[in-house]
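Hello,

Here is the structure I promised to pass on. My notes on what turned up follow below it.

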Amino acid sequence: MMWKWMLLLLLAWGAITCSARDRTDLLNACLDAKHHKTKPGPEDKLHEQCSPWRRNSCCSFNTTQELHKDTSLLYNFNWDHCGKMEPACKRHFIQDSCLYECSPNLGPWIQEVNQNWRKERFLDVPLCKEDCQRWWEDCRTSSTCKTNWHKGWDWSSGVNKCPAKAVCRTFEFYFPTPASFCEGLWSHSYKVSNYSQGSGRCIQMWFDPDQGNPNEEVARFYAQAMTSGAIYPGRGLFIPSLALILPLLLLV
């Protein structure tokens with residue numbers, strides 16, 4: 001009987017400490033990673049597709065200028081590792097890179113990692129379903145040789161190349177569905193949402209800055225849910241609130 005009480009009390013303590021986390025950190029946060037600023041703030045100018053984040057950004061102009069290149073010095077990653085990538089496809093990848101480097105609205109999905117080039121990543125960001133659909137449709141005829149771009153490359157030349165025996169095929173061959181593409185490409189950085197743009201429940205990869213940043217509302221929603229103990233964004237991890245724990249205590 002005693003061990004049950006101890007277990008439930010530990011769960012209650014965990015719920016209290018997790019829900020007490022500062023919401024400001026979740027709503028306006030930069031990743032602890034290779035090229036990110038320590039804190040978000042305004043930039044006088046950001047390059048082309050990264051410009052929507054100019055008013056409050058985790059990236060610098062130099063970072064945004066570099067990530068628009070075919071082989072960027074940021075990570076020495078070559079988009080054209082299986083031949084020339086279609087411009088419409090590459091546009092989505094640049095927007096994806098802008099979101100990763102610049103967005104201060106991904107706090108609820110930040111996770112610690114033990115990697116030599118970054119200490120944090122984001123995991124299971126709820127990507128709006130039409131963003132994923134368009135990305136996949138515009139890339140399905142371009143080619144790649146891998147289903148997970150985070151690992152397994154041949155870096156012997158200093159730039160990513162297909163590993164031995166890997167065959168270049170269309171994106172559609174390696175990723176038969178939009179979800180398999182958006183979720184598998186970067187080790188589940190994204191999770192395809194059932195929600196659409198404008199719902200306030202999913203992250204948009206790109207937006208019109210004149211209309212405001214819609215991802216701010218999305219971050220507020222998930223931060224509130226997280227700090228109240230209702231949900232914890234991540235791969236299946238659930239933090240119970242006291243409202244759920246107390247009835248269990250009464251039953252012991």
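Start with helix α5, residues 129-139. Its buried residues are E130, D131, C132, W135, W136 and C139. These buried residues pack against two strands and three helices: β5 (125-127), β8 (190-192), α4, α6 (171-174) and α7 (178-184). Keep in mind that this is a predicted model.

The α4 contact has an aromatic pair in it. F93 and W135 meet edge-to-face, with 5.3 Å centre to centre and 80 degrees between the planes. F93 belongs to helix α4 and W135 to helix α5, so the pair ties together parts that lie 42 residues apart in sequence. Both rings belong to buried residues, F93 and W135. In total the structure holds 24 aromatic pairs.

Two arginines also sit over rings. R201 lies over the face of F221, at 3.7 Å from the ring centre. R169 does likewise with F173, at 5.2 Å from the ring centre.

Now the largest pocket. Its volume is about 700 Å³. Two elements give two or more residues each to its lining: α4 (87-102) and β4 (118-122). Helix α4 provides the largest share, four residues. The lining counts 28 residues overall, and Y75, F77, W117, H150 and W186 lie nearest the pocket centre. What is the make-up of the lining by class? It has 13 nonpolar, eight charged and seven polar residues.

So much for the notes. Helix α4 is the element to look at in both places: α4 packs against the buried residues of α5, and α4 gives four residues to the lining of the largest pocket.

Best wishes

Note on methods: Residues are numbered from 1 along each chain as its sequence is written. This is a predicted model: local features need pLDDT of at least 70, side-chain atom pairs count only at pLDDT 80 or more; totals for chains, interfaces and linings use all residues. Side-chain values use heavy atoms; hydrogens and water are left out. On a 1 Å grid over the protein atoms alone, a cavity is a set of points where a 1.4 Å probe fits but cannot get out, and a pocket is an open set with protein on both sides within 12 Å along at least five of seven lines; lining residues have an atom within 4 Å of a point. Grid points are joined across faces, edges and corners, and a volume is the space filled by probe spheres set on the points. Ala, Val, Leu, Ile, Met, Phe, Trp, Tyr, Cys and Pro count as nonpolar, Asp, Glu, Lys and Arg as charged, and the others, Gly among them, as polar. Buried means under 20% relative accessible area, exposed over 50%, partly exposed in between (1.4 Å probe, protein chains only). Contact means heavy atoms within 4.5 Å. Rings of Phe, Tyr and Trp (its six-membered ring) pair if their centres lie within 6.5 Å; planes under 30 degrees apart count as stacked, over 60 as edge-to-face and the rest as tilted. A charge sits over a ring if NZ of Lys or CZ of Arg is within 6 Å of the ring centre and within 35 degrees of the ring normal.
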